[in-house]
Every structure is written in C-alpha cells, then in structure tokens.
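This briefing sets out selected features of one protein model, grouped by topic. The sequence and the structure are shown first.

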Amino acid sequence: MSKAITLNQGWHFTKENNGIPTTVTGDVVAMPHTWNAVDGQDGGNDYYRGTCWYTLNLPKPEIPAGGRAVLQFDGAAMSAVVYLNGKKLAEHKGGYSAFRVDITDELAAENLLAVSVDNSDNDTVYPQKADFTFYGGLYRDVTLHIVPAAHFALWENGAPALRVTPIVTNLQTKTAEVTVEAAVVGAQTVDFVLEGKHISAAVENGDAKAVFTLEHAHLWDGIDDPYLYSVTAKLDNGEMTSARFGCRKFEINPQQGFFLNGRSYPLRGVSRHQDRKDVGNVLTRAMMEEDMALILEMGANTIRLAHYQHAQEFYDLCDEKGVVVWAEIPYITMHMPNGRANTLTQMEELIVQNYNHPSIAVWGLSNEITAASAVSEDLLENHRQLNDLAHRLDPTRPTTMANVFMLETTSPILEIPDVNSYNLYFGWYLGDLVQNEQFFDKYHADYPDRCIGFSEYGADANPAYQSATPEKGDYTETYQRIYHEFMVKMIEQRPWLWATHVWNMFDFAADGRDEGGKHGENQKGLVTFDRKLKKDAFYLYKAYWSKEPFIHLCGSRYRDRTEDVTEIKVYTNQPSVTLYKDHELVETKQGDKVFTFKLPISGSHWIEVHAGSFSDAIVVNKVDKPNPAYSMDNRKDVNNWFDGELDTSCWSIKDNMAAAMADPKVGPMLQQMTKKAASSRGDVATAVKDNPALKAMMARAMKRMTIESILQQAGADAESIKHLNRVLQTIKKAQ
C-alpha cells in the first residue's frame, strides 16, 4: 500500500554556495523554513536574496516491487534544483506551487538529498518587482510518497490524481452532473464511488472516467451552507484516493454583479498575503485557521488570495467555510519579455493543483502588470496565451485581471479576460475619495456590457497614530476609518461591482518600505501583522457584512485629547445606540452602522455605549498638549511649517504645486524632494514613477493641491518642508 512520509526532521541549511554538497552541511533547521523571517520584515530593502542549500541524509525507503518513490515539495521559493547523491534530478521555477520528483532509480542504501533554493533577482521567474517580500526557503512541507506498481499518478506538475467537474444542469431541481477523472499507472480499471453509487471504468491511456448524476443535489451555497461531497476511487490492489468537491453555479452579470446558485450574491471581502510577523511565510495550520476566523468574524464572503498560489490547506479552509476565492499567479507590476514561459507554467500549476476547489470562482491572469511596463504587443500576447491556457485547462471558470489605477480604460488589455477589476487608491496615494465613485460610474456607463470589480483599495494605518483632524497621508487609524467609511458606502450603492476586496486583511512585510512609523511593513491591513490588534476599520466592515450582533466604540487608542468637544464614533449592526459619559446618560440615536456623537470633555472620562444587550467602553483624557506618540515625526509640528508671515510675492509651500513646478528655479527642487519622499514606499514606487499615465494623473492632481499637501502626502519630513519654505521665500514669482 502507498504511504506518505513527511520529511521535516534532520535538515541542514547554509547560505554558503560552494557547489553541490557532498555531505550534509550547515546548521540544523526546523522545517518548513525560510531564511528571511527576520531580515525580510525589518526594512532597509536589504533582505538576503540568493542561493542557499538544504541537505538531508535520506535512508533508502522500502519500496514495493515495481513501485516508485516520489518527493513532493509544496513550496520552494523562488526556484529550486533537486540533487540526489550529486546528480541533478529536477528543476522548478516558481515559489508558490507544488512539484514532484521521482527519485526511485537513483536511490542507494544511504542517500544525500540536496536542494538549492534561490530567491535572487532575475528576469525569467515571477515575481521580481512587487510591494511585498519575496521570502526564500523550503517554507512548506516536503513529503516522500511510496507507491506500489499500480497506483494513482503523481504528476511532476503537482496535480492530484482525481479531477472532479461538477456542473449544475438545473437549479430548480438541483440536478448536477459530476464527471470524475482518475490518472492511473499500472492498473486496468478504477472503481469510483459517490453517494453510494458505484461505477467501474476502464483505464485508457492512463485515464479512467465516470459520470454521476446527482438528483436533488445539496449545493455548496457560500458561507451559509458550504456543503462538500467526497468521491473515492479504488484500484484492484486496494489503492485508494479521494477528492472533495462542491456543486454550485457561479455567474457574473455586468449590470447585476455576482450570482451564486441563481441568486444575487455580491462578493464583498478582502485580500490576503500568506506571511506573519516574526514567522515569514512558514505558516502552521493553526495560523491559517486564525486568519480564516478573523475574516469570517468580519463577515466577508470572498478572499482574493494575492498575489500567488497559496497553501492547499488554506484553499481547503475556503471550501469548508464557503468563502469564494479569486486565485492568481504572481505575474505582477513589471512585464518581463523573458518570463512568458514562467507565467504559463505557473498558471498551469495553479489550475491543475486547485481545479477541485469549489471555492475558486476565477483565475487571475496578472496584477498591475502595466504599472512599470508599457502595453506592448509582447505583453498583450502573454495575456492572450495565459487566457487561452486557463480556458483550455478549465472551461468552467472565467478569467480576470487586477488593473493598476492609471491604466486607461480604452486599453486593449481589458478586452482579454472574461471579467475585470481595478486597483484604485484615490484618497490615499493621490486624488480625492470621490474620484473612486467617478471612475467606476464612468466606466460602467461607458462599458455597460463589461463586468467590473474593485480588486484593491486601502489606506495605511499605524494604530499608534491618532488625530482629531485626520487627513490623507497621516497614517492615522482615524483617517483609515474615514477612508473606509466612504468606500464601503460607495460599494454598497453599486451592486454591479461583481467583487470588491479590501487591500489588505492583514498588515504584511514589504522590506523596501520605511513609512508610517514602521520599517518594512505595508500597514493597509485591517488587522496588524501579528494578528493581535483589530483596527477600528475592521469593525466598520463587520457592521456592514456580519450578521452577528455587536457594537464597537472607536478610538480606544486615542485616549489623550486636546479638543474641548470630541467626536465619539460607534460601529454596530444594531439600529440604535445609547451613549453614556461617566455612567450618566447623554443621548440615544437611531441610525445605520455608523453613529457619530459630539461630546464635551473636561477631564478623565469613562465613555460607554450600548446597543440592546451589547456594550463597549473607552477612557478619554482632556489634555493641554497633543500626545507626541499620536503622530509621525513629520507631522508633530504640523502647525509650524513656516517662520513668521509669508511674503506672497515669493513662492511658499502654500502655493499651487502645478504652478510651482512650472517655475524654472522651483520645479527642480520640488522634483528632487518628491522623488526622495517616494523612495520610502519601496521598489514598486520607484519602478512606476516614469509611467506616462501616472505622470498625467499626478499633473491633474497637482492642479488642485498645494506644495505642502503634496509633500505631506508623499511623506516628506517636517524639517525638510520647513527648510524648503525658507528657500522658496527667497525666490520671487514671475510678474
């Protein structure tokens, strides 16, 4: 009988690259393992990217006569070469999908297994340019499969032996036709069993197929009822395998949005990266379950698993919990002419390895691929081939793309996938919140027959930063709240947005970033990197999406307040809220999800809110001076940007940015400052700075904004802005 042996003990690791090892070398490590758990999260854009070695002494396993021994690597980032006893057996390019290596014919009594793993910069393997850390390592399980002569196939591309295609042919009668295909080696027949029904099928050219009809099928019905079937396949020698699947029907309508099993089912949820503070990408099952529990607590019904293939355990959780998934490959930010073959391989592996998951609704071709690349014929052809491959491997699911905000809606790339989505950051990186509404309304009016979604939106927030007067670019939890209040309401009013995904559910590592009081983190998450703190905006979405009754009083981390009358913000899915100050009734309000009170404060106060049997409370203190811990260094003296009165005949930071950029003396200084400030946002910001569409968009924004507001938003520090103002005050404006 077949067996699987997890090889997580006895490994050695070294960063030294002195050729193919002849013995185990380096330090003993716990597996799975990444070498970037620390340096990939601490900022500086200097985490180790290179070739490292893993070695293991592997005794020869007992193999049945005619049987095989096959290694399975669930994740080797980003490229791997596998050697046994000094002989190269396989090479794999792509850090997020599984692959297998048959080692049977090279086994000796004692064996040295050596795996070189490489996450260095190159021009053929994606990803290479993106706003997240590319952790290196054997960061998922390594398994040795021992199978008899007749067995279910263990393909090199990591595909499971069973492929299940359930088609709901009649929603009224809930009739489903289920096609089950088995890949087999050395057997003549396969016995399939589903719901007590047996079908014996002959093996032809290594495949056997059975078709079952389910009458009154129990549908996989999203988070309300994610019912899963199980089908088994058996060979004459007793070998067995099984696969879970769900019967469901997905449809996407350009005017009405997403449908599940014939009913409107707007997809409203989040995106997720697979890393965690101090752990990197080496996640345990318990960590994945915690992630899923937080997402479900918020009431989300969809996850965009960005920007690569995630662990099988997490797709399984999505199946079990009824969460609809967008699955994609890491074809991201920058098109590489030498990388086409790699995109096709990664797409093939994504689809064949995840085909059976009922939670997956769409295959993502790319993400923001035009951010740092022009829309060339080579880029378009790459997408056409990916689109054709996805449809060939899986005719049952549509394809999609996440398009960068500066991509013109007339671009031919938008005509390639079946449905589209846009990543928009108006109200954070540039522009105003209302531009999100304007963009989608115009797109929907111009292209009424296209399905459009909202694949990324968000604002960074350091929970330590608080403000009574929040503004774009200040990294406060308070502004993140305001940002998402606008966005969730906008989305609610546009059901034709087939799917919307907050960027991001969790803060994540981006070692090139150094902003918002954190090194090496993107802080757009609704939950902190260590999963210990839910930001206020988390509860806003819970108010909109969750059926679980609750109430949340915002601002618990904004304790010291200078204002005489402070704002009290409450999120709840209950119809009314009662406010108390120091146990005295203040006011009861009726409302919907977001409740705002104005409350005079004079000392230390106990603030409490009630909604039915639910309550929450915080403490606020009236203080004379702002708490310096509540703002970034570049905003601590925001009211003192300049010295004395401004000479309006000279330039100042209060002047219009576009006008100042046009001045031959002032323009070069401003370009240098904005370039320096943008560098704090990492490689991607640097890579996209020359994008013509971005330049045009920035030019439009500068016509409405002052030098001060542009530089603040870009992250320039206070002293630099004050110094600039002093210099500007010496430069006369042209008459």
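Which residue in strand 17 is the bridge partner of T189? The partner of T189 is A202. The model discussed here is predicted. The points below begin with the sheet that holds this pair, then take up other strand pairings, the nonpolar cores, a helix contact and two individual residues.

**The four-stranded sheet**

- Strands 17, 16, 21 and 22 form an open sheet in the order 17-16-21-22, and their pairing is antiparallel.
- Strand 17 (197–202) and strand 22 (240–245) each have a single partner strand and stand at the edges, so one side of each has no neighbour in the sheet.
- From one strand to the next, the twist averages 20°.
- Six bridges connect strand 16 (residues 189–194) with strand 17 in the antiparallel sense, and the pair of T189 with A202 belongs to this region of contact between the two strands.

**The three-stranded sheet**

- A further open sheet consists of three strands in the order 23-24-25, again with antiparallel pairing.
- Its edge strands are strand 23 (250–253) and strand 25 (263–264), each of which pairs on one side only.
- Strand 24 (residues 257–260) runs antiparallel to strand 25 and is joined to it by two bridges.
- Across this pairing, L260 stands opposite R263 of strand 25.

**Pairings of strands 2, 4 and 10**

- Strand 4 (residues 51–59) runs antiparallel to strand 2 (residues 12–14), and three bridges join them.
- Within that pairing, F13 has Y54 of strand 4 as its bridge partner.
- Strand 4 also pairs with strand 10 (residues 110–118), in the antiparallel sense and over nine bridges.
- T55 has its bridge partner, A114, in strand 10.
- Strands of a sheet pair through backbone hydrogen bonds, in either a parallel or an antiparallel arrangement.

**The hairpin of strands 7 and 8**

- Strand 7 (residues 79–84) and strand 8 (residues 87–93) are paired antiparallel over six bridges.
- Y83 is placed opposite K88 in strand 8.
- Two residues lie between the strands of this hairpin, and N85 takes a positive phi near 55°.

**Nonpolar cores**

- The largest nonpolar core has 105 residues.
- The residues with the most contacts inside that core are I413, Y422, F440, M505 and Y541.
- Helix 7 supplies the largest share of this core, namely eight residues.
- Another core, of 30 residues, lies apart from it and includes A150, V184, F192 and F245.
- In soluble globular proteins, nonpolar side chains tend to be buried together.

**Helix 7 and its contact with helix 1**

- Ten of the ten residues of helix 7 are buried, and the helix is therefore largely enclosed by the rest of the structure.
- Among these buried residues are D536 and K542, as well as the aromatic residues F538, Y539, Y541, Y544 and W545.
- The axis of helix 7 (residues 536–545) comes within 7 Å of the axis of helix 1 (residues 285–298), and the two cross at roughly 55°.
- The two helices, helix 1 and helix 7, are therefore oblique to each other.
- On the side of helix 1, the contact is made by L294, E297 and M298; on the side of helix 7, it is made by F538, Y541, K542 and W545.
- By class, the contact of helix 1 with helix 7 comprises five nonpolar and two charged residues, with no polar residue.

**Two individual residues: R68 and N621**

- R68 is located in strand 5 (residues 68–73).
- With a relative accessibility of 25%, R68 counts as partly exposed.
- Although 35 residues separate R68 and I103 along the chain, their C-alpha atoms are 7.9 Å apart.
- When residues up to four places away in sequence are not counted, R68 touches I63, D102, T104, D105, H145, I146, V147 and H151.
- N621 is found in strand 43 (residues 614–622).
- Its relative accessible area of 19% makes N621 buried, because the limit for burial is under 20%.
- Leaving aside neighbours within four places in sequence, N621 is in contact with R559, D560, R561, G603 and S604.

How values were computed:
Residues are numbered from 1 along each chain as its sequence is written. This is a predicted model: local features need pLDDT of at least 70, side-chain atom pairs count only at pLDDT 80 or more; totals for chains, interfaces and linings use all residues. Side-chain values use heavy atoms; hydrogens and water are left out. Axes are lines fitted to C-alpha atoms, for helices over the stretch in contact, and angles run from 0 to 180 degrees between N-to-C directions. Angles under 35 degrees count as roughly parallel, over 145 as roughly antiparallel, 65 to 115 as roughly perpendicular and the rest as oblique. Contact means heavy atoms within 4.5 Å. Ala, Val, Leu, Ile, Met, Phe, Trp, Tyr, Cys and Pro count as nonpolar, Asp, Glu, Lys and Arg as charged, and the others, Gly among them, as polar. Two strands pair if DSSP finds at least two bridges between them. A nonpolar core is a set of buried Ala, Val, Leu, Ile, Met, Phe, Trp, Tyr and Cys residues joined through side-chain atoms within 4.5 Å. Buried means under 20% relative accessible area, exposed over 50%, partly exposed in between (1.4 Å probe, protein chains only).
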